[in-house]
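Me: Could you pick one part of this model and take me through it closely, along with whatever sits around it? I'm at home at the bench, so keep it relaxed but spell out the cut-offs.

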Amino acid sequence: MRSYNLFRRRGREALFCAVPESCAVPRFVGGRRWTFGGRIDESASPPPGFDDRAAVTAVRFNGFYLFQCLDEGGTERAADGP
């Protein structure tokens, strides 16, 4: 798995933007609407809803990967919620 910086959308805490550490952060992530949400790599498991294969494809085309954090039942949840 690649290493990603995660950014969380304020007001929609379940929406994340994963950006590989080797890529520039997209302009839309700047400002007050997004906040740094942590880092994932081989030592840190990704939030539920993160799909590594989809991330690789999205990064190849866009330079970033947008996803929703899901619980085990497939429903949206905040990343630090149960």
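Reply: What follows is a walk through the sheet, strand by strand, and then through what sits around it.

Keep in mind that this is a predicted model, where local features need pLDDT of at least 70 and side-chain atom pairs count only at pLDDT 80 or more, while totals for chains, interfaces and linings use all residues. Residues are numbered from 1 along each chain as its sequence is written, and side-chain values use heavy atoms, with hydrogens and water left out.

First, the parts list. The protein chain has 1 helix and 4 strands, and from the N terminus they come in the order β-β-β-α-β. Helices (H or I, at least four residues) and strands (E, at least two) are DSSP runs, numbered from the N terminus.

Now the sheet. The 4 strands make an open sheet in the order 3-1-2-4, with antiparallel pairing. Strand 3 (34–40) and strand 4 (65–68) are at the edges, and each has a single partner strand, so one side of each has no neighbour in the sheet. From one strand to the next, the twist averages 30°; axes here are lines fitted to C-alpha atoms, for helices over the stretch in contact, with angles running from 0 to 180 degrees between N-to-C directions. As for pairing, two strands count as paired if DSSP finds at least two bridges between them.

Take strand 1 (4–9) next. Antiparallel pairing links strand 1 to strand 2 through 6 bridges, and strand 1 to strand 3 through 6 bridges as well. On the strand 2 side, Leu6 sits opposite Ala18; on the strand 3 side, Asn5 has Arg39 as its bridge partner. Strands 1 and 2 form a hairpin with 2 residues between them, and Gly11 in that turn has a positive phi of about 85°. Strand 1 is mostly covered, with 5 of its 6 residues buried (buried is under 20% relative accessible area, exposed is over 50%, and partly exposed is in between, with a 1.4 Å probe and protein chains only).

Moving across, strand 2 (residues 12–20) pairs with strand 4 in the antiparallel sense over 4 bridges. Ala18 turns up again here: its bridge partner in strand 4 is Tyr65.

That brings us to the rings. The whole structure has 8 aromatic pairs, where rings of Phe, Tyr and Trp (its six-membered ring) pair if their centres lie within 6.5 Å, with planes under 30 degrees apart called stacked, over 60 edge-to-face and the rest tilted. Phe16 and Phe67 have ring centres 5.4 Å apart and planes at 15°, so they are stacked. Phe16 is in strand 2 and Phe67 in strand 4, so this pair ties together parts 51 residues apart in sequence. Tyr65 and Phe67 are also stacked, because their centres are 5.3 Å apart and their planes at 15°. Phe16 and Phe67 are buried, and Tyr65 is buried too. One aromatic cluster takes in Tyr4, Phe16, Phe50, Tyr65 and Phe67.

What does helix 1 put against the strands? Its buried residues are Ala55, Ala58 and Val59. They cover an arc of only 100° around the axis, which puts them on the same side of helix 1; the arc is that of the directions from the helix axis to the C-beta atoms. Their cover includes strand 1, strand 2 and strand 4, with contact meaning heavy atoms within 4.5 Å. On the other side of helix 1, Arg53, Arg60 and Phe61 are exposed.

Last stop: Asp41, in the loop between strand 3 and helix 1 (52–62). Asp41 is buried, with a relative accessible area of 12%. Its side chain has a 2.2 Å polar contact with the side chain of Arg39 and another, of 2.7 Å, with that of Ser43. A polar contact is a pair of N or O atoms within 3.5 Å; within protein, one must be able to donate a hydrogen and the other to accept it, and residues adjacent in sequence count only if both atoms are side-chain atoms. Apart from its neighbours within four places in sequence, Asp41 is in contact with Met1, Arg2 and Ser3.
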